[in-house]
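Reader: I should like to learn how to read an interface between two domains of one chain. Please take me through an example.

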Amino acid sequence: MCGIIGYLGKKPIVPVLLEGLKRLEYRGYDSAGIVTLSNGKINLVKQAGKISNLESLLAERPINGVAGIAHTRWATHGVPNSTNAHPHTDCGNKFALIHNGIIENFGAIKTDLISKGHEFKTQTDTEALVHLIEEFYKHHMPFEEAVRAALLQVEGTYGIAVVCSDEPDVIIAARKGSPLVVGHGDGENFVASDVSAIIDHTKQVSYLDDDEMAVVRRNGIEVKTISNLPVQKQVEQVAFELGRIEKGGYDHFMLKEIMEQPSTIKDAMRGRLIKDEGIARLGGMHEVMEALLNAKRFLITACGTSWHAALIGEYMLEEFVRVPVEVEYASEFRYRDPVIEENNVVIVISQSGETADTLAALREAKRKGASVIGICNVVGSTIARDVHAGAYLHAGPEIGVASTKAFTSQVTLLALITLFLARHRNMSAAKGAEIVQEMAALPEKVEKILGLREQIKKIAQLYHMSNNFLYLGRGYNFPVALEGALKLKEISYIHAEGYPAAEMKHGPIALIDENMPVVFIATKDSTYEKIVSNIEEVRARRGKVIAIATEGDEEIGKRADHVIYIPQTQQMLQPILTIIPLQLLAYYIAIMRNCDVDQPRNLAKSVTVE
Ligand code: F6R
């Protein structure tokens with residue numbers, strides 16, 4: 001979603017800010033803008049569309065300065081045009097402000113300010129905040145105090161950065177519900193919504209917590225609470241290398257991330273599989289170990305792709321740990337007053353660790369007394385810091401908006417948790433050893449499937465003009481059908497639906513004719529015979545069948561129009577293999593339709609608003 005970068009230092013400001021914005025592009029946006037401070041005034045340039053449009057405008061109307069802030073906007077209030085793009089300014093053009101989040105009471109603030117003579121230029125919620133700061137400043141409050149006073153009136157969420165032309169050596173940043181990080185440099189300092197925006201310049205960062213405010217100057221950063229109490233922030237060293245947020249020779253981040261999966265799956269398991277004992281070790285779970293071992297029920301909550309991983313977790317935990325599991329969309333969980341009882345453990349799954357609904361669900365679960373475990377990718381993210389304990393995916397930054405490598409790592413982590421708990425309960429050492437061995441073999445098997453790219457590309461060529469797709473699977477492969485359909489729809493804009501294969505007869509079968517490609521995940525497992533019958537039902541109606549099948553299964557070749565063969569593995573681990581061809585199929589279809597796979601329309605990488 002929206003991205004923030006601010007800089008105070010000696011480097012040429014516009015390139016620093018533009019490069020930072022480009023590193024944030026992956027979050028999804030629809031307009032961009034920049035403000036610099038020079039000679040006691042603010043220089044504002046903003047534009048609808050891509051950052052390249054902003055660059056062209058800056059080439060025509062160059063600006064400079066020593067301090068500045070810049071923003072990529074993902075529209076919530078007001079259409080995505082250049083007027084509504086951030087930064088927003090006050091009536092006197094003294095302040096410029098960028099904002100991630102939503103100011104829920106902006107209507108009331110705006111009405112009050114209009115009655116006091118303020119003139120609004122945009123349809124955004126954010127503009128109310130900059131006029132409110134102006135209002136306090138007019139009444140002789142210093143800049144910092146005016147920002148504080150304004151924020152105290154705000155209901156909703158924000159990550160903001162604001163500058164004032166009277167104080168060109170200061171950027172004020174504040175956070176409530178929308179991530180912000182400050183970067184410590186040598187004679188220069190930064191603020192950003194995401195470390196990737198500033199990683200070119202510094203790896204020393206401090207993450208702001210909710211209700212904190214940072215006063216960023218060239219030679220230092222002071223952090224306080226919104227109520228003006230000093231805060232000692234830890235300076236942390238960011239671990240990831242710049243190369244991990246570059247395309248590394250691939251045309252798209254999405255393809256790079258699909259291809260990285262043999263190593264990201266290995267990284268998710270690194271140091272966590274104990275072969276000799278057939279067990280998993282989960283270092284980050286100490287805090288909740290007792291709760292985990294005594295859990296009588298698990299609730300798993302997440303959004304989107306992470307929710308699909310959660311469904312697989314439900315199948316795994318119920319099969320091997322034999323405790324009831326419920327999986328719920330975080331957006332529903334948070335408002336539904338869910339029943340949480342003693343010995344219930346809540347697991348939240350989020351790649352970004354910033355998804356607003358998942359964060360709210362986690363806080364609701366904590367409020368109700370549950371022990372909460374997090375499975376996150378982004379180190380230091382809000383969810384990762386808010387849970388009682390957790391495990392990181394260690395998949396490295398996922399830049400493509402469509403989640404790929406995070407999904408396989410999430411499923412890997414859920415398999416580790418299952419193995420860990422099952423071995424503490426009633427799984428035999430022999431079964432444990434079998435699972436460990438199969439898990440260790442996954443990276444090589446994924447590598448083999450990635451080698452099928454040319455075959456998958458040919459199938460994509462045949463069907464990329466289709467208007468609809470159906471994805472069907474059973475058992476562990478039902479969530480994979482959902483995930484395959486989500487991948488296709490989000491990056492190719494083809495309507496696609498995933499169903500449990502048996503449900504087809506209860507409705508979707510009406511859609512099947514010779515124009516409907518149906519992707520079956522038909523691996524050799526306990527539901528194989530059933531899914532073969534479903535394939536026949538589709539064939540009888542002249543639907544086109546693309547099957548993901550197990551190597552050596554000759555039978556399926558006689559029934560399907562196309563078969564993508566994948567290696568055999570344990571049933572519970574199959575999703576880690578079966579999703580790979582579906583990711584590639586979606587990718588190639590989207591490319592053939594000339595879609596922007598890394599930044600699909602309307603989508604944001606990290607959904608920090610409800
Ligand atoms: C789909 C996708 C989204 C995310 C969802 C949750 O490819 O990326 O559906 O999975 O927005 O995001 P996280 O996992 O960051 O909480």
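Author: The following exchange treats one domain interface in this predicted model.

Reader: Where do the domains lie along the chain?

Author: One begins with the assignment of residues to domains. Here domain 1 covers 3–238, domain 2 covers 248–443 and domain 3 covers 451–596. The C-alpha centres of domain 2 and domain 3 are 25 Å apart, and their contact involves 33 residues from domain 2 and 27 residues from domain 3.

Reader: How much area do domain 2 and domain 3 bury between them, and which residues of domain 2 supply more of its share than any other three?

Author: Buried area is the accessible area that two parts lose on being put together. For domain 2 and domain 3 the value is about 2500 Å², with 74% on carbon and sulfur atoms. On the side of domain 2, His 308, Tyr 315 and Leu 442 supply 21% of the area buried against domain 3, more than any other three residues.

Reader: How many salt bridges and polar contacts join domain 2 and domain 3?

Author: The two kinds of pair are counted separately. The salt-bridge count between domain 2 and domain 3 is zero, whereas 12 residue pairs are in polar contact across this interface, both residues being at pLDDT 80 or more.

Reader: Which elements form the side of domain 2 that touches domain 3?

Author: Elements that give two or more residues to this side are helix 6 (253–259), helix 7 (261–269), helix 9 (304–320), helix 13 (405–424) and helix 14 (429–450). Helix 9 makes the largest contribution, 10 residues. By residue class, this side of domain 2 has 18 nonpolar, 10 polar and five charged residues.

Definitions and conventions. Residues are numbered from 1 along each chain as its sequence is written. This is a predicted model: local features need pLDDT of at least 70, side-chain atom pairs count only at pLDDT 80 or more; totals for chains, interfaces and linings use all residues. Side-chain values use heavy atoms; hydrogens and water are left out. Domain bounds come from an automatic or database domain assignment. Contact means heavy atoms within 4.5 Å. Buried area is the accessible area (1.4 Å probe) that two parts lose on being put together, summed over both. A salt bridge is a side-chain nitrogen of Lys or Arg within 4 Å of a carboxyl oxygen of Asp or Glu. A polar contact is a pair of N or O atoms within 3.5 Å; within protein, one must be able to donate a hydrogen and the other to accept it, and residues adjacent in sequence count only if both atoms are side-chain atoms. Helices (H or I, at least four residues) and strands (E, at least two) are DSSP runs, numbered from the N terminus. Ala, Val, Leu, Ile, Met, Phe, Trp, Tyr, Cys and Pro count as nonpolar, Asp, Glu, Lys and Arg as charged, and the others, Gly among them, as polar.
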